[in-house]
Each structure stands twice: as C-alpha cells, then as structure tokens.
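Please take me through this structure feature by feature, with the general idea ahead of each case.

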Amino acid sequence: MTIQAEHSEDMYRFITSVVKRNNCVLYRIGGIQNHIHMLIDLAPTVTLFLLMWDIKRSSSDRAKQSGFFPQFVGWGKEYGAFSVSPSHKDCNRVY
C-alpha cells in the first residue's frame with residue numbers, strides 16, 4: 001500500500017509519458033495504493049512484455065527518486081493483460 005492518493009496523479013502522469021514514449025496510446029489509468037489499471041492501445045511495433053518492462057522499470061526508479069513514495073520498494077514481477085474490443089471501450093482519451 002505505497003501509492004498514496006495525494007501523489008498518485010504524479011505517478012499516473014509519469015506512466016503516461018512512458019506509454020507515449022513507446023508509441024502507444026493510454027486511454028485510462030487509475031488504481032489504488034498497491035496496483036494500477038491501464039487501458040492501452042498497444043502499438044503494433046511494441047511487445048506487451050517490453051512495454052510493461054519499461055513502465056515498471058522507469059516508474060520504479062521515479063517512485064524511489066521522487067521521495068513521494070518512501071515505502072515503495074518495487075513492483076511485483078507479475079502483471080495481467082486482457083484484450084478489449086474497440087466496440088466495448090470509450091475511445092475518448094484521458095491523457
């Protein structure tokens with residue numbers, strides 16, 4: 001429980017920049033103190049593994065260096081991913 005609400009927006013903005021850097025589109029991001037959910041349009045040139053590796057590595061470094069998350073020691077090794085039909089998602093970008 002290390003992602004406190006008062007600093008979660010900073011983490012979300014940072015993760016948004018990582019997703020954009022990988023030429024992917026972030027439609028939604030949110031979460032609670034111990035995990036984050038994202039709705040991402042994965043670029044055809046990017047593997048899910050490499051995107052998640054970059055998000056976890058970069059945001060972990062940011063969390064440790066920012067001082068906003070003093071109890072953060074790193075993300076878990078695992079992640080879940082699901083595909084969503086374009087007809088079932090709201091295509092209005094948030095970030």
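The dialogue below treats helix packing, the nonpolar core, an aromatic pair and a backbone angle in turn.

Q: What kind of model is this?
A: This is a predicted model.

Q: How are two packed helices described?
A: Two packed helices are described by the angle between their axes and the distance between the axes. In this model, helix H1 (5-21) and helix H2 (residues 48-66) have axes that come within 10 Å and cross at roughly 145°.

Q: Is the crossing of H1 and H2 left-handed or right-handed?
A: The crossing of H1 and H2 is right-handed.

Q: Which residues of H1 and H2 meet?
A: On the H1 side they are Asp10, Met11, Phe14, Ile15, Val18, Val19 and Arg21. Their counterparts in H2 are Leu51, Asp54, Ile55, Arg57, Ser58, Ser59, Arg62 and Ala63. By residue class, the contact of H1 with H2 divides into eight nonpolar, two polar and five charged residues.

Q: Where do nonpolar side chains tend to be placed in soluble globular proteins?
A: In soluble globular proteins, nonpolar side chains tend to be buried together. Here the largest nonpolar core has 19 residues, and those with the most contacts inside it are Ile15, Ile36 and Ile55. The elements giving two or more residues to this core are H1, S1 and H2. H1 supplies the largest share of the core, six residues.

Q: Which residues is Ile15 in contact with, leaving aside its neighbours within four places in sequence?
A: With those neighbours left aside, Ile15 is in contact with Ile29, Ile36, Met38, Ile55 and Ser59.

Q: How many aromatic pairs does a search of the whole structure find?
A: The search finds one aromatic pair. Phe72 and Trp75 form this pair, with 5.2 Å centre to centre and 75° between the planes. Planes over 60 degrees apart count as edge-to-face, and the pair of Phe72 and Trp75 is therefore edge-to-face.

Q: Which surroundings does Trp75 have, not counting residues up to four places away in sequence?
A: Trp75 is found in the segment after H2, and touches Ile3, Met11, Ile36, Lys56, Ser59 and Ser60, with residues up to four places away in sequence not counted. Trp75 counts as partly exposed, at 24% relative accessibility, whereas Phe72 counts as buried, at 8%.

Q: What sign does phi have in most residues other than glycine?
A: Most residues other than glycine have a negative phi. Asn23, however, has a positive phi, near 60°. Asn23 lies in the loop between helix H1 (5-21) and strand S1 (25-32), and is exposed, with a relative accessible area of 61%.

Methods
Residues are numbered from 1 along each chain as its sequence is written. This is a predicted model: local features need pLDDT of at least 70, side-chain atom pairs count only at pLDDT 80 or more; totals for chains, interfaces and linings use all residues. Side-chain values use heavy atoms; hydrogens and water are left out. Helices (H or I, at least four residues) and strands (E, at least two) are DSSP runs, numbered from the N terminus. Buried means under 20% relative accessible area, exposed over 50%, partly exposed in between (1.4 Å probe, protein chains only). Axes are lines fitted to C-alpha atoms, for helices over the stretch in contact, and angles run from 0 to 180 degrees between N-to-C directions. A crossing is left-handed if the near helix is turned anticlockwise from the far one by less than a right angle, and right-handed if clockwise. Contact means heavy atoms within 4.5 Å. Ala, Val, Leu, Ile, Met, Phe, Trp, Tyr, Cys and Pro count as nonpolar, Asp, Glu, Lys and Arg as charged, and the others, Gly among them, as polar. A nonpolar core is a set of buried Ala, Val, Leu, Ile, Met, Phe, Trp, Tyr and Cys residues joined through side-chain atoms within 4.5 Å. Rings of Phe, Tyr and Trp (its six-membered ring) pair if their centres lie within 6.5 Å; planes under 30 degrees apart count as stacked, over 60 as edge-to-face and the rest as tilted.
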